[in-house]
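Trainee: Could you take one part of this model and walk me through it closely? I'd like to see how it ties in with the rest of the chain.

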Amino acid sequence: MKTTMIFITIFTAFATIACLVICVIAEISLFWTLAITFATCFYHFAIRLVVGYSIAAIFHNDKWNYNSYWFQQKGFETKIYKILYVKKWKQNIPTYNPLEFDIRNHGLDYVTRATCQAEVVHEVNVIVSFIPIIFSLWVGALPVFAITSFCAALYDLMFVVLQRYNRPRLIKLLKVKDKIG
């Protein structure tokens, strides 16, 4: 997943530049539309990389308290997980860096903290997903920017749900491990 995200980010950056150059030189409006499309895709991929790397650089997975109120499962969440059938699709969700969530490599406590960091990364991504709507002030096409922003936010919400679904199970395992010694 990591390589794919980086590749798509680089590809969309070059595609944006190429379409802008063709648009200016050949004056073909289709390339303006393509440039906007690639630029929007570039933004959505690049901002996710920037947010993820920034939060990882600041917190290193070790400064999160999974017992804090923010990370505790709320009463209504279990009903939402059943409605969304999280248990059925969770294993099919890609992971940016699977090693970060491997209990054999890092231990249960670290992985539980990693779920907190991943949740925060994706919550920030949900918020920044809507920034491209501002670009519609200059180029128009508000519905296009709104739809892509909404879809990108939904995509990140899926990861928030996944982290919040898994964390209580990890905490339960931690408690069992502590009892055993």
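Mentor: Let's start with Arg164, which sits in helix α8, residues 142-180. Keep in mind that this is a predicted model. Is Arg164 buried or exposed? Its relative accessibility is 10%, and the cut-off for buried is under 20%, so Arg164 counts as buried. What covers it? Leaving out residues up to four places away in sequence, Arg164 touches Trp70, Phe71, Gln72, Gln73, Lys74, Glu77, Tyr81 and Glu119. Two of the names there, Glu77 and Glu119, are glutamates that touch this arginine.

Phe71 is a handy link to the next stop, since Trp64 touches it too. Apart from residues up to four places away, the contacts of Trp64 are Ile55, Phe59, Phe71, Arg113, Cys116, Gln117 and Val120. Trp64 also belongs to the largest nonpolar core, a set of 16 residues in which Val51, Ile55 and Trp64 touch the most other members. Which elements give two or more residues to this core? They are α2 (29-59), α6 (108-128) and α8, and α6 brings the largest share, with 6 residues. That puts the helix of Arg164 among the contributors.

Stay with α8 a little longer and look across to Trp89, in the helix α4 that covers residues 86-89. The C-alpha atoms of Trp89 and Leu162 are 9.5 Å apart, although 73 residues separate them along the chain. Setting aside neighbours within four places in sequence, Trp89 contacts Leu84, Met158 and Val161. Trp89 has a relative accessible area of 22%, so this tryptophan is partly exposed.

Now go to the start of α8. Ala141 lies in the loop between α7 (136-139) and α8, and has a positive phi of about 60 degrees although it is not a glycine. Why point that out? Most residues other than glycine have a negative phi. Ala141 is partly exposed, with 42% relative accessible area. Glu27 shows a positive phi as well, near 55 degrees, and is not a glycine either. Glu27 belongs to the loop between α1 (2-26) and α2, and at 68% relative accessibility it counts as exposed.

What about the cysteines? There are 0 disulfides in the structure. For Cys19, the closest cysteine sulfur is that of Cys23, 8.8 Å away, which is too far for a bond. The sulfur of Cys41 has its closest cysteine partner in Cys19, at 11 Å, again too far for a bond. Cys19 is buried at 7% relative accessibility, whereas Cys41 is partly exposed at 32%.

Zooming out, the protein chain has 8 helices and 0 strands. Its C-alpha trace spans about 70 × 30 × 30 Å along the principal axes. Of its 181 residues, 36% count as buried. Residues 24 or more positions apart make up 75% of the contacts with a separation of 6 or more; the contacts of Trp89 with Met158 and Val161 give you a feel for that. On the outside, the chain exposes about 11300 Å², and carbon and sulfur atoms supply 73% of it. As for charges, the mean positions of the 18 positive and 10 negative ones are 11 Å apart.

How values were computed:
Residues numbered from 1 in each chain as written. Predicted model: local features only at pLDDT ≥ 70, side-chain atom pairs only at ≥ 80, totals over all residues. Heavy atoms only, no water. Helix = DSSP H or I, 4+ residues; strand = E, 2+ residues; numbered from the N terminus. Buried < 20%, exposed > 50% of the residue type's maximum accessible area, 1.4 Å probe, protein only. Contact = heavy atoms within 4.5 Å. Areas by Shrake-Rupley, 256 points an atom, 1.4 Å probe, with all protein chains shown as cover. Lys, Arg positive; Asp, Glu negative; His and termini not counted. Charge placed at Lys NZ, Arg CZ, Asp CG, Glu CD. Disulfide = S-S within 2.5 Å. Core = buried A, V, L, I, M, F, W, Y, C linked by side-chain atoms within 4.5 Å.
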